[in-house]
Structure formats: C-alpha cells, structure tokens
Amino acid sequence: MVSPSRLLHSSVAYVSRREFSNTMCSAVPIFPIAPKNPGLQPRGFSYHFKLKESKHQSKTKVPKKEMEIPVIDFSQLDGENRSKTMALLHNACEKWGFFKIENHGVNKDLMEKVKNLVNSHYENNLKASFYESEVVKSLGNGRTSNMDWESSFFISHRPKSNMDEFQNLSEDLRKAMDEYIAQLIELAEKLSELMCENLSLEKHHIKKAFSGKTGPSVGTKVAKYPKCPQPENVRGLREHTDAGGIILLLQDDQVPGLEFLKDGEWVQIPPSKNNAIFVNTGDQIEVLSNGRYKSALHRVMTIKDGSRLSIATFYNPAGDAIISPAQKLLYPNQFSFADYLKLYATTKFLDKEPRFESLKKMTSACNGVIV
Ligand SMILES: O=C(O)CCC(=O)C(=O)O
Ligand SMILES: [Fe+2]
C-alpha cells in the first residue's frame, strides 16, 4: 500500500522557491497555484463523500432534466468520420465525464452470458443474505443515509486474479468473466490511447502512468441493486466520484438507477440496450489531465419494482503508480516575470503557446525537472 505521505511528495511539477536559484531564474518567481494533493486510494476503487442533507440529495425531488448523454460510435474511428468522432470523445471527456460507447467490439453474446450468469449467481447465492443484511434492517427504522442498498462483491483481475478465492462462483461464470475482462482491458487501453491523442500526449502516457511495477490494476465490482420497498429512504449507492482511472460499465437492460451530475442537474443513465458500454472517468484521469477531464459525481437510485444489475470494471493505476499531472498539460512554472519579458521581447507577435513551452524547458532546466 502506498502511504499518503509518499503520494503527497510525488509531484515533480512544484519545487520550492529556494531551489529556483539559477542566474537566469532571478527576481520574483511566478507560481501557478499548487493544486491540493488529490490523494489516492490504491486499494479501494471508489470512495464516498459523507453527505449531509446536501444539495445533491435534495435534487432528487426535482424532476430530472432529459439530457442526451454523448454516444461515441467506435465503428466511426477508422473512416472519414474519425476526426468528428475524436472531437465528440474529447467533448464528452471535458464536459460530461460520462458517455456511451457503441460498436465497442466486445463480443455481445459473451456480455449476455456474463449478465445471465451473474444474475443466477445472485439469485442462488446472495439474494437471501441481502434481505437479512444490516441495510435492510436499518431501513425498517426509517431513513438510512450512511449505507448503500446494494449486494456486491469485488473481483481483482490484474495484476493478479483472485477469482479462485470466490468458492461459490460457477466454473462457467469464472470462464466467461475471464474472457470478458480480456476484451474489456483491450477496450480500456484503446480508450486511453484515444484520450492521450486528444490531449496531445504520447499514445501510451496513461497506461505508463498507471503501470507502477506490475501494470495497471484492473478489477470488477459485480453488483445488484435489489428491489427496495422505500426508495425515497436509501440510495443504491451514495453520491461519489470514482477514485481511479477509466470505468467501463455493463448494466441492466431493463432497470434504470444510475445518475450523474452535469451542470448542477442529475442526469439519468438509461438501461443499456444492445449491450452498449457506459464509461466514466475517475479522479486519476482528472489529476493526470490537469483538470481537463473531470470525474463526475454519480449515484445509484433504488427502485421499488426492479432489481438492477451492474458490472463495473475499473482500469486503475497500480497501487505503487505515482500520479501527477502530465507535464505537457501544465503551464510553465516558477519563472520570474523579468525572464518572461526577455522571451516576450522576441516572440511578442507569435503564438503564446510555443513561448510557454520554451519557458517550461528553461525553468525545468533550472530545477532539474525532466519535461
Ligand atoms: O452500479 C453502477 O451503475 C455504478 C457503480 C459505481 O458507481 C461504483 O461502484 O463506483
Ligand atoms: Fe462509481
């Protein structure tokens, strides 16, 4: 487990003013405001905000705005519509943090099989114990704001599978899940490469940044959000952003429940028809992209007459991966205004971006930072 203090010192982008001592680097340094360290939960794959009766919760009573969530058609990536599709993806990552992928290339029969096997597993092994669990008892006493109405378990796939530890998973389910995850990892990596392209980063930047010593960490939360007699009194899953990287969601084709916050409004994700995959980006993509791609707040609502299936796969950094914003996406850092003006004098009538890039190279040379 990576200690929070080590993570606190992981950024190479911000160095002390005292270190800014080269002769070229004189006068009063200009600093971008250092972001608060966002923290990382290398083992958990999501975390929850502790909400009071917050603005998020009170929003449930307001009718939900109908918004079309962005649809990215992967079949359009190879032809003449490539640049349009890439632009759609960039906009989805920048403005939504949630989108749907169609024609993703994951085998649909296999997806159907995984869903059926998970549903049977729940019916045969988990349903009875769910209705005896603490959250069900608490709901009997009224509003339950510190628990989630879900029956779930978490499987690790990479760097090492722990599927063998689940004694009651059928051989069929293990096998189908293994095949499904192999295809999903390909999809997550393809998506990470497209994001890199849109951010003008090297193709494998995200994968490398997530790799640590053992490669990106991949896990799946297999969940049912069972029928709930008092949906107004408990969430399926409380409001949160995901801690990690890229989350690929295979969900129920009938029962809704997932919602995310967009421009202050809760937007409903419809059930997945035709095995479309929904994607959301986690906190580490927000950090790595220096805030260009935001992780959206989301939640699962409970339903009185429907039991919702959700199979969420997390393509995350390894526990020992050291996360920082990509240097390329940072403004130049720790330069004196006098030095800026020196450069400006010869580049005033040119674009500012190359000026910023030159400045970054100069300041990093001063600080021994590799850009
Ligand atoms: O079940 C879902 O649809 C979403 C689950 C989720 O947000 C999570 O587990 O972090
Ligand atoms: Fe989540």
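Two strands count as a pair if DSSP finds at least two bridges between them. Keep that in mind as you work through this predicted model.

## Exercise 1: Follow strand S5 to its neighbours

Task: Find which residue of S12 is the bridge partner of Ala223, and find how S5 pairs with S4.

Solution.
- Step 1. Start with S5 and S12, which pair in the antiparallel sense over nine bridges.
- Step 2. Look across from Ala223: its bridge partner in S12 is Ser310.
- Step 3. Now turn to S4, which is joined to S5 by seven bridges, again running antiparallel.
- Step 4. For this pair, Phe154 has Lys221 of S5 as its bridge partner.

## Exercise 2: Put the seven-stranded sheet in order

Task: Work out the strand order of the open sheet with seven strands and name its edge strands.

Solution.
- Step 1. The order reads S2-S3-S10-S7-S12-S5-S4, and the pairing is mixed.
- Step 2. Strand S2 (71–73) and strand S4 (151–158) are the edges, since each pairs on one side only.
- Step 3. Ignoring direction, neighbouring strands in this sheet are turned by 25° against each other on average.
- Step 4. Check one pair inside the sheet: strand S7 (residues 246–251) and strand S12 (residues 308–316) are antiparallel, with six bridges. Here Ile246 has Tyr315 in S12 as its bridge partner.
- Step 5. Add the helices. Helix H3 (residues 82–96) packs on the sheet, where it touches S2 and strand S3 (98–102), and its direction makes about 150° with that of S2.
- Step 6. Helix H6 (residues 171–198) also packs on the sheet; the strands it touches are S3, S4, strand S5 (217–225), S7, strand S10 (277–281) and S12. The direction of H6 makes about 135° with that of S7.

## Exercise 3: Buried or exposed?

Task: Decide how many of the nine residues of S5 are buried, and which of them lie on each side.

Solution.
- Step 1. Recall that in a regular strand the side chains alternate between the two faces of the sheet.
- Step 2. On one side of S5 you meet Ser217, Gly219, Lys221, Ala223 and Tyr225. On the other side are Val218, Thr220, Val222 and Lys224.
- Step 3. Residues on both faces are buried, so the count for S5 is nine of nine.
- Step 4. For the whole protein chain, 50% of the 371 residues count as buried.

## Exercise 4: Find the nonpolar cores

Task: Which residues touch the most other members of the largest nonpolar core, and which helix gives the most to it?

Solution.
- Step 1. The largest core has 57 residues, and Phe99, Met177, Tyr180, Leu191 and Leu248 touch the most other members.
- Step 2. Helix H6 gives the most to this core, with 13 residues.
- Step 3. Zoom in on Met177. Leaving out residues up to four places away in sequence, Met177 touches Val114, Ile155, His157, Met163, Val222 and Ile311.
- Step 4. A second, separate core has 18 residues, among them Trp96, Ile247, Leu258 and Val267.

## Exercise 5: Explore the four-stranded sheet

Task: Explain why one side of S6 and one side of S9 are left without a neighbour in their sheet.

Solution.
- Step 1. This open sheet has the order S6-S11-S8-S9, with antiparallel pairing.
- Step 2. Strand S6 (235–240) and strand S9 (265–268) are at the edges with a single partner strand each, so one side of each has no neighbour in the sheet.
- Step 3. From one strand to the next, the twist averages 30°.
- Step 4. Strand S8 (residues 258–262) and strand S11 (residues 298–301) are joined by three bridges. Glu259 has Arg299 as its bridge partner in S11.

## Exercise 6: Track the charged pairs

Task: How far apart in helix H9 are Asp339 and Lys342, and is each buried or exposed?

Solution.
- Step 1. The side chains of Asp339 and Lys342 form a salt bridge (3.7 Å, N to O).
- Step 2. These two are three residues apart in helix H9 (residues 337–347), so about one helical turn separates them.
- Step 3. Asp339 is buried, at 3% relative accessibility, whereas Lys342 is exposed, at 57%.
- Step 4. Elsewhere, salt bridges with shared partners link Arg235, Glu239, Glu259 and Arg299 into one network.
- Step 5. The whole structure holds 21 salt bridges.

Key:
Residues numbered from 1 in each chain as written. Chains lettered and ligands numbered in written order. Predicted model: local features only at pLDDT ≥ 70, side-chain atom pairs only at ≥ 80, totals over all residues. Heavy atoms only, no water. Axes fitted to C-alpha atoms, helices over the stretch in contact; angles between N-to-C directions. Contact = heavy atoms within 4.5 Å. Buried < 20%, exposed > 50% of the residue type's maximum accessible area, 1.4 Å probe, protein only. Core = buried A, V, L, I, M, F, W, Y, C linked by side-chain atoms within 4.5 Å. Salt bridge = Lys/Arg side-chain N within 4 Å of Asp/Glu carboxyl O.
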